[in-house]
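Visitor: Please take me through one part of this protein in detail. I would like a close look at a place where two domains meet.

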Amino acid sequence: MSQPDMQQTTFKDLDLLAEVSELLKLSDLEKVLNHVLQLAAKSVGAEQIRFYPNEAHWLTWTNLLVDTGRLLDVPFGIVNTVKPNSLLAWVLDNKLGDIIMDADKDKRWVESTAGIRSILCVPFIYEDDVIAVITLTHSQPEHFNDYHLSLITIIANQASIALHNVHSFNRIQAQQRQLQVILQAMTDVMFVLNENGKLILLNDAAVKILGLSKINDARGMTVLNLVDIDGMFEPVAPLIAEEFGSQSDWSFETRSERLQRDYQVRMSTWHDTQQTVAGYLIVMHDITTLRDLHRFKDEMLRVASHDLRSPLALITGYADMIKLDAPEDDEDIHEYVDIIKKSAERMDSLLEEMLRVERIRNTPLELHEQIDLEQTVKIVIINLRPLIEAKQHRFRADIRLKDIPRIKADPVLIRQSMENLITNAVKYTPEKGRVEVEAWYAEDKFQFKVSDSGVGISAEHLPYIFESFYRVKQTVTTEKGTGLGLSLVNNVIERHHGELWVKSQLGRGSTFGFWLPLN
Ligand code: ADP
């Protein structure tokens, strides 16, 4: 090439490269494809173009390619099958571009198309994947040279990045639209907060409970703003403000007095790529109906137990009178009346128990004492030893509470809660089973746990056993009870800002435990 020619080519190619780099600015797939094909044909003076989009991209690209092809100055075709031993197959296998100088002499040109003598074929590669192949043709032999091959390779490389960017952009947009639809269709309330507790995303249900009219009115609000709107958000603020070690999921109930509604809240953290907390997801499920039902049930039982006690007293009284009046030798009458009396007394003690639980629930905690948890656990175990031994259980206690700080708690209720869990373990474990008590403290929490090798509880019953009067059918037949114990323990532990938990497997045994905050 002579000097002026060389200079002319260089300027022309620089222009071309500048045009190629423009590709990266486009965000529309159709525009990118159109631009790439125009540039490719123009830069090497091709007479025809064929384009082979690789399988994964085939469906998304086909329509666009047809439209794009119509706008091209040169004839354009889409290839969807790769013939064996063809140039296309060679390029796909080798992930390299190549030229056929003369179609008549190169076996790799397997097409029958007349009037094609030179072919230039180049892959579009992204991260080692061939996403497409372009074939440019000319009716003269030896039309294309290595310089053309380099030019088209540069265009293909840039185009691959541009296509990938557009593809990712489209995918993210589609995902965002899908997410939006899901979020808006959700009846549960959803908030996403960033690591500082600022609202970055919420759904319509969330906008509604905040009493706002548009999503935009809520963006940028902080948790404290939420607490100002409704006190039900109070439990969220401390979870964001403090470091919680490895805990990243919380579940609690909250009530909005403003809306007169109850919510089950699930809160979890999400992490960025460095595994640091990037924000929080809060999902709130409306459980008002369920809570109303429980309140109604408890109220009904409370009223019923009050009202049932007087007729019961009458029954017992009259039974006594019958006994007094009945002839002493009429054993039958005495036997029948004794049965009536016994039944009435059983009923009375059941009602008494119900009222006792009700009283405990409704009286404030006695928080005058700083209690010694090590002592409490030891006393509980000593008191229950006879019960455990009566059933010949293997018993083990592991108490690691030396120097545990004293805490302000209701001594009677905490002791009863521990007793209740151990009594249940003894009760629901057949004779000669295993019962273990463990108590320790770590990370500002006192932990208490009772495991047994008893009958266990199936997964379907587990969510309900902390509700009052809930008893599992199989165990009802074997052991007496009211179904009030665990609901009371749950109530007591919650009021001490701790948590009661259970793990159980039917036929294998159960572990009940709770923790209490030490500060
Ligand atoms: P109660 O023991 O008076 O029935 P609770 O409220 O203490 O009432 O327990 C509720 C139900 O949970 C029990 O009826 C029983 O079905 C089940 N349960 C409690 N503790 C255990 C345990 N350790 N093993 C198996 N089932 C248990």
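Guide: Buried area is the accessible area, taken with a 1.4 Å probe, that two parts lose on being put together, summed over both. By that reckoning, domain 3 and domain 4 bury about 1100 Å² between them. Carbon and sulfur atoms carry 60% of that area. Keep in mind that this is a predicted model.

First, the layout. The protein is split into domain 1 (3-173), domain 2 (186-286), domain 3 (291-362) and domain 4 (370-517). The centres of domain 3 and domain 4, taken over C-alpha atoms, lie 30 Å apart. Their contact draws 12 residues from domain 3 and 11 residues from domain 4.

Now the domain 3 side. Val357, Ile360 and Arg361 lose the most area to domain 4. Together they make up 46% of what the domain 3 side buries.

Next, the polar links. Domain 3 and domain 4 share 0 salt bridges. Polar contacts do occur: 3 residue pairs make them across this interface, with both partners at pLDDT 80 or more.

Which elements build the domain 3 side? Helix 9 (288-325) and helix 10 (331-362) are the elements that each give two or more residues to the side touching domain 4. Helix 10 supplies the largest share, 7 residues.

As for chemistry, the domain 3 residues on this side divide into 5 nonpolar, 1 polar and 6 charged. So set two counts side by side: 6 charged residues on the domain 3 face, and 0 salt bridges between domain 3 and domain 4, where a side-chain nitrogen of Lys or Arg would have to come within 4 Å of a carboxyl oxygen of Asp or Glu.

Technical notes:
Residues numbered from 1 in each chain as written. Predicted model: local features only at pLDDT ≥ 70, side-chain atom pairs only at ≥ 80, totals over all residues. Heavy atoms only, no water. Domains from an automatic or database assignment. Contact = heavy atoms within 4.5 Å. Polar contact = N/O pair within 3.5 Å; in protein donor to acceptor, adjacent residues only side chain to side chain. Helix = DSSP H or I, 4+ residues; strand = E, 2+ residues; numbered from the N terminus. Nonpolar A, V, L, I, M, F, W, Y, C, P; charged D, E, K, R; others polar.
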